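Trainee: I should like to learn how to read the packing of two helices in a model. Where should one begin?

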Amino acid sequence: MMQERKIHFKNSLSGRPPKKLVFFLHGYGADGADLFNLSNPFSTILRDAKFISPDAPQQCQLSSVGKQWFPIEKIPYGAKDAANDLLELIENECEKEKLNISDVVLIGFSQGAMMSLQTMLLSKINFFAVIGYSGNIATQNINFSQNFIKNGIHKNSNTPVFLIHGEEDEVVPFESLENSKKLLLQIGFAVKTLNRPNLGHGIDPEGISAGMEFLNKLVNN
C-alpha cells in the first residue's frame, strides 16, 4: 500500500548549493526520522552535502507508525521493485539540485542497507559511495542485476562500498557481513568491512566514525 511519504531534508552546512546528496535509508518498522540525526556528524565531513531521509513508501505490517520498503516475507525479491521506486525518488532529487547519481551517497541500516545495495546494483550509473549498517544481500539480489554484469563484472563495480555489522546482531546474523562481501567481490566490487564486537542490531559511535572516515578519504582523494 503506497502512501504519501514524509521526507526529512537538511541543507548543506556550508550554505552553498550542494555538491553531494546523502540519502539515509531506515530499517524495517522505523521511519525517515530514525537515522536523520546522523546528518549531524556526517555533515562535518560533507559540508557541501544535502541530507535526505525519506520514509519508506509502505505502512509497516507489524507497526502502526513504522514504515517498510517492502514486506519482510518478500525478502529478497521485494528489494527489486522497491529499489526501482527509490531510484525514481533519487533521480528527482538529483534533478532539483542539478546533480547526478554519481554525486549521491547511500547510507542504509538493516532493510535500508539491503535497499542501498540493491539500488546500487540496479542503477544505470555508479553512486559516489554506499555504506551499509547491519545489512544483507542474497544471490537473488545480484541476479536481479544480470543485465549490468558483463564478463563477470558489474558495470557499477567502481562504487566504493563499506559494510559494518555488530558481532552480536540478533536480527540480521553477523555472517551476513562476509556473505554480502563475498557476493559483491565476485562481481568486481571493492568492499571494505568492519565488524563491531559486543554490538547487537544497531549503529554505534565507532561505526559512525568509521563511516565518516571512509567518506572523508573519498572526498579528499
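Mentor: One begins with the angle between the axes. In this predicted model, helix 3 and helix 4 are roughly perpendicular to each other, because angles of 65 to 115 degrees are placed in that class. Their axes cross at roughly 75 degrees and come within 9 Å. Helix 3 covers residues 78-97, and helix 4 covers residues 111-122.

Trainee: Which residues of helix 3 and helix 4 make the contact?

Mentor: Helix 3 contributes Ala-79, Lys-80, Ala-82, Ala-83, Asn-84, Leu-86, Leu-87 and Ile-90. From helix 4 come Met-114, Met-115, Gln-118, Thr-119 and Leu-122. By class, this contact has nine nonpolar, three polar and one charged residues.

Trainee: How does one read a pocket, and what is the volume of the largest pocket here?

Mentor: Rolling a probe the size of a water molecule over the atoms shows where empty space is left. In this model, the largest pocket has a volume of about 210 Å³. Its lining includes Gly-27, Tyr-28, Ser-110, Gln-111, Asn-136 and His-201. Met-114, a contact residue of helix 4, also lines the largest pocket. The lining residues divide into six nonpolar and six polar, with no charged residue.

Trainee: How many helices and strands does the protein chain have, and how does one judge its overall form?

Mentor: The protein chain has seven helices and eleven strands. Its radius of gyration is 16 Å, close to the 17 Å that the globule rule gives for 221 residues, so the chain is as compact as a globular protein of that length. Along the principal axes, its C-alpha trace spans about 45 × 40 × 35 Å.

Technical notes. Residues numbered from 1 in each chain as written. Predicted model: local features only at pLDDT ≥ 70, side-chain atom pairs only at ≥ 80, totals over all residues. Heavy atoms only, no water. 1 Å grid on protein atoms, 1.4 Å probe; cavity = no way out; pocket = protein on both sides within 12 Å on 5 of 7 lines; lining within 4 Å. Points joined across faces, edges and corners; volume = space filled by probe spheres on them. Nonpolar A, V, L, I, M, F, W, Y, C, P; charged D, E, K, R; others polar. Axes fitted to C-alpha atoms, helices over the stretch in contact; angles between N-to-C directions. Helix = DSSP H or I, 4+ residues; strand = E, 2+ residues; numbered from the N terminus. Parallel < 35°, antiparallel > 145°, perpendicular 65-115°, else oblique. Contact = heavy atoms within 4.5 Å. Rg over C-alpha atoms; globule rule 2.2 N^0.38 Å.
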